[in-house]
Amino acid sequence: MSITILGIESSCDDTSASVIRDEFLLSNVMSSQDVHEKYGGVVPELASRAHQQNILPVVDRAIKLANISLGEIDAIAFTRGPGLLGSLLVGTSFAKGLSISLGKPLIDVNHLQGHILSHFIKVPGRENLQPTFPYLSLLVSGGHTQIVRVDSHSSFTVIGETIDDAVGEAFDKCAKIMGLGYPGGPVVDKLAKEGDPKAFTFSKPKVAGLNYSFSGVKTSLLYFLRDRVAENPDFVNENKNDLCASFQSTLIEILMDKLIKAVKETGISEITIAGGVSANSGLRDRITLEGYKRGWKTYIPEFRFTTDNAAMIAIAGYYKFASGHVTPPDIVPVSRSLDYH
Ligand code: KG4
Ligand code: ZN
């Protein structure tokens, strides 16, 4: 018997709803919030209000595009956390209301688990591009940077993670320091394409084991620019492309050093990348190249499944539902990181 899951994602500034039948994508609707751009970052209060306005039309559209009736939904999966509490409350409350009115179960999903499992979403032409267990996931987003060993759809072990900033934060801060706007990652990526990655060097951290650190490299950029701008006020503008290319290349080097180490230590060479920063063209190219050189099997997600989306929540919910998981109706969202379960 087939299983149809409605997924709802509202952890940060994207309102999204998706319908998945078994592992196949039927719809994935996103509504991004432009309201934050002029503040240079997500304003939590504005994000929750925008979610309130967007959630009903987004869910409605996802159901219509999937061409199903509400009665065909078997369960409602929603992001429980981590994320902004006010934003999470909107998605959680909506999911609860719908669950009660339809008499269908709720499935709570860990947002990070969603990113990691996004590789299992089946779309036409990519039905057979799913990783096999065990695999390593390089999870790189605005809030997290982890290397996770994945042994099954429900077994995740964090074997390395950042001890301070996430790599997405480093991209965003780089763009902020250079006055390039928010979110910074896509702008830095675009400008880096026309720049020389070896033009400037920034210090790389020395962190034990498989852990990461990104606060030092950000400070290194800040001081470097402060000194150069004192000599030439137009320095940033004149060197935008080279600065972005060099900074991005340093971040990618940091990510790759530990990933290569993780492959050596675990003997696992089935490699996936996930999360917003996995949209970065430099990182995608580098993983592909490194995989080719080292005999890894690499999985690069479609762009629409890299940044926050409800399809990843629906697929993670699908596996939980299929394995008999039941979420109680008094569940509450959680802003901090959740254990993988
Ligand atoms: O996964 P995501 O949408 O939200 C979180 O769960 O955090 O990730 C957002 C992050 C932001 O820091 C954004 O700048 C970064 O992903 N990002 C990128 C690119 N596209 C989005 N970073 C580098 N290059 C990109 N092309
Ligand atoms: Zn995310």
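Trainee: From which domains does the lining of the largest pocket draw at least three residues each?
Mentor: From domain 1 (4-123 + 305-322) and domain 2 (135-301), with bounds taken from an automatic or database domain assignment. This is a predicted model, in which local features need pLDDT of at least 70 and side-chain atom pairs 80 or more, while totals for chains, interfaces and linings use all residues. Residues are numbered from 1 along each chain, chains are lettered from A and ligands numbered from 1 in the order written, and side-chain values use heavy atoms, without hydrogens or water.

Trainee: What makes His111, His115 and Asp308 donors of the zinc ion (ligand 2)?
Mentor: His111 (NE2), His115 (NE2) and Asp308 (OD) lie 2.0 to 2.1 Å from the zinc ion. A donor is an N, O or S atom within 2.8 Å of the metal (3.2 Å for Na, K and Ca), so these atoms qualify; water is not among the atoms, and a site may look incomplete. Along the chain, the donors of the zinc ion follow the spacing H-x3-H-x192-D. His111 is in helix H3 (residues 111-117) and Asp308 in the loop between strand S10 (297-299) and helix H10 (310-322), 197 residues apart. Helices (H or I, at least four residues) and strands (E, at least two) are DSSP runs, numbered from the N terminus.

Trainee: Are His111 and Asp308 buried or exposed?
Mentor: Both His111 and Asp308 are buried, that is, under 20% relative accessible area (exposed is over 50%, partly exposed in between; 1.4 Å probe, protein chains only).

Trainee: Why are strands S6 and S7 called a pair?
Mentor: Pairing takes at least two DSSP bridges between two strands. S6 (residues 135-140) and S7 (residues 145-152) are joined by 6 bridges and run antiparallel, with Tyr135 opposite Val150. A hairpin of 4 residues connects S6 to S7. S7 is also antiparallel to S8 (residues 155-161), again through 6 bridges, and 2 residues lie between S7 and S8 in their hairpin.

Trainee: What lines the largest pocket, by class?
Mentor: Its lining has 14 nonpolar, 22 polar and 11 charged residues. Ala, Val, Leu, Ile, Met, Phe, Trp, Tyr, Cys and Pro count as nonpolar, Asp, Glu, Lys and Arg as charged, and the others, including Gly, as polar. Helix H4 gives the largest share of this lining, 6 residues.
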